[in-house]
Amino acid sequence: MTGVGSIFNENLKVINIGIESFFDSMKDQSIPVVHVEWKPPAGGNEKLMDILEKLKK
Amino acid sequence: MIRKTIIKENAYFDSVTLMLISSRVTGMSGVQNAAVMMGTDQNKELMLDSGLITEEDIQKITPNHMVIGILADNEHTVEEVLQGINDELTKKNTLKSDGEKRVKTQEEAVKAQPGSNFTIISIPGRFAKREVLKAIENNIHVLLFSDNVSIEDEIELKEKALEKGLLMMGPDCGTAIINGVSLGFANVVRQGSIGIVAAAGTGLQEVSTIIDRRGEGVSQAIGTGGRDIKEAVGGKMMLAGIEALKEDANTKVILIVSKPAAPGVTEKIYESLKGTAKPKVMCILGGEAQQIKAKGFYFTETLEDAGTVAALLVKGKEPMMTYFSETKEAISSLIHKEIAKLKPEQKCLRGLYGGGTLTYETLLIIRDILGDAYSNTPLKKELLLPDIKHSLGHTILDMGDDYFTNGRPHPMIDTRLRTERIKEEASKSETAVILLDCVIGYGAHEDPAASLAKTINEVKEKNSKEGRQIVFVASICGTEKDPQIRSEQERKLREAGVIVMDSNAQAARMAAIITERGKSLDELSWEVN
């Protein structure tokens, strides 16, 4: 399978970023999942975020 | 009245968690208003507008602060609310079980779980692009639940994802089912051979649950986000989804669910679909039937028919549409019994919806029976409700719309927005019928029917004292295997005297026919091929 359908042949391993109830529903379905306890980076200061991103590269 | 503001540093909870807590404590007696929010600019504005914080507070609060604001009758109530909030937050923390993988960043997540291949991203829209780009870099398929992502970013992200053969469903994609896993707001449906691509969130939920209830199943259900079919985005994810389903050996029937696409996109979709011998069902809400049928595709006007026709095609049977599941006699007798309860001045239908696509489907269905209806998401510009707080004539509201959900939980996860409006509509002398959806499944409220039923019972009691009755009609979008259990939800609504129909389409028809006092009953044809 080419294209986006490549995922159809794989077992899902999920990263949940944000709303915690979606993490819970993955666990309920016995799907391997890691939850990212996401916080706005740089205290939500967008200018600072841009600088940090550039520094990482 | 006492105001109490507490600003906490280094405490972060997602917005849904905090909105649900806010909603719960605001419902406590003696509380005029209460909210607990992260200190983003938008939230600060909301809290300032509702008098929960002052201009002075604004200066101190950053997005890293969690802010609690309370307006209550007395100190004692303030203490109770604070206790309530603390209990909920503590409960949230202690519910974390051992062995759960929790990390702070996507980079850590990738390391913690090698081979991760899918991510659900539901953070505030302006931060979402960074996370999507990281996921694409790591060859991870994406469901982008967040809204408030620009169309330019959407195009860029979809192009980057497709270069690597990755799904980028969204932004504003609420639901998908991939390899039998329900993602986002999705129902538990059996696996099978119907592949769906939908640019319509609750539309996908309704068709997938109907398919399940007709004894068939879903191979894959891909959401695209509503903007995908606009000219600018060009149907990128819709087309990629169709191609994938064409190649997928488990998919025997392809079902497309959306509003009409931009003309250029429609042509591309037709072209792509022509390249497969698999039967194709098009549920284009408000679309041109003749044009679609001329291409050799099956066309359905409603979500129910889309699910039913796809299921029949899998079974190798002739497609058939449903008007009502029950006999004409049964429906007619039910309708006349309800009409007898109404006073002459009760002439209006009021629909209060949690699902956007379900709202749209209802507007289309009732147009043929009742004529025009006002809405916050109307079929024609001139039917836009001038003041969203006040219904006018027949009104169908999508209460999941930004106006309602700004700082408040979506009606699919918290019924309060709707229960407040039910009370208001029920108190109006012109209201004949209140029409509701009840969407269950993962992500949705744990027991929406119980909450709706409680309000409906209160309203009925109040109205009966005034010698007035209102008819309630609803449908449930969900299956027996959903955590809330469809039959349980149905029982609770029926016990509150609600007429529960088999699908949203049937509920909309039923509500409209009762409102117009059964005039169109005789014209109905029960079996349509």
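Hi everyone, this is a short tour of the cores and one pocket in a predicted model. Residues are numbered from 1 along each chain as its sequence is written, and chains are lettered from A in the order in which they are written. Local features need pLDDT of at least 70, side-chain atom pairs count only at pLDDT 80 or more, totals for linings use all residues, and side-chain values use heavy atoms, without hydrogens and water.

Let's start with the cores, meaning sets of buried Ala, Val, Leu, Ile, Met, Phe, Trp, Tyr and Cys residues joined through side-chain atoms within 4.5 Å; buried is under 20% relative accessible area, exposed over 50%, partly exposed in between, with a 1.4 Å probe and protein chains only. The largest has 134 residues, and B:Ile514 is among those with the most contacts inside it. Beyond four places in sequence, B:Ile514 has contacts (heavy atoms within 4.5 Å) with residues including B:Ile335, B:Leu342 and B:Val473. A separate core of 26 residues includes B:Phe404 and B:Leu493.

Now, which residues are closest to the centre of the second largest pocket? They are A:Ser21, B:Leu20, B:Arg24, B:Lys92 and B:Glu446. A pocket here is an open set of points on a 1 Å grid over the protein atoms alone, where a 1.4 Å probe fits, with protein on both sides within 12 Å along at least five of seven lines; lining residues have an atom within 4 Å of a point.

Finally, meet B:Lys92: partly exposed, at 22% relative accessible area. Leaving aside neighbours within four places in sequence, B:Lys92 touches A:Glu20, B:Phe13 and B:Thr17. B:Phe13 sits 79 residues away from B:Lys92 in sequence, yet 9.4 Å away in space, C-alpha to C-alpha.
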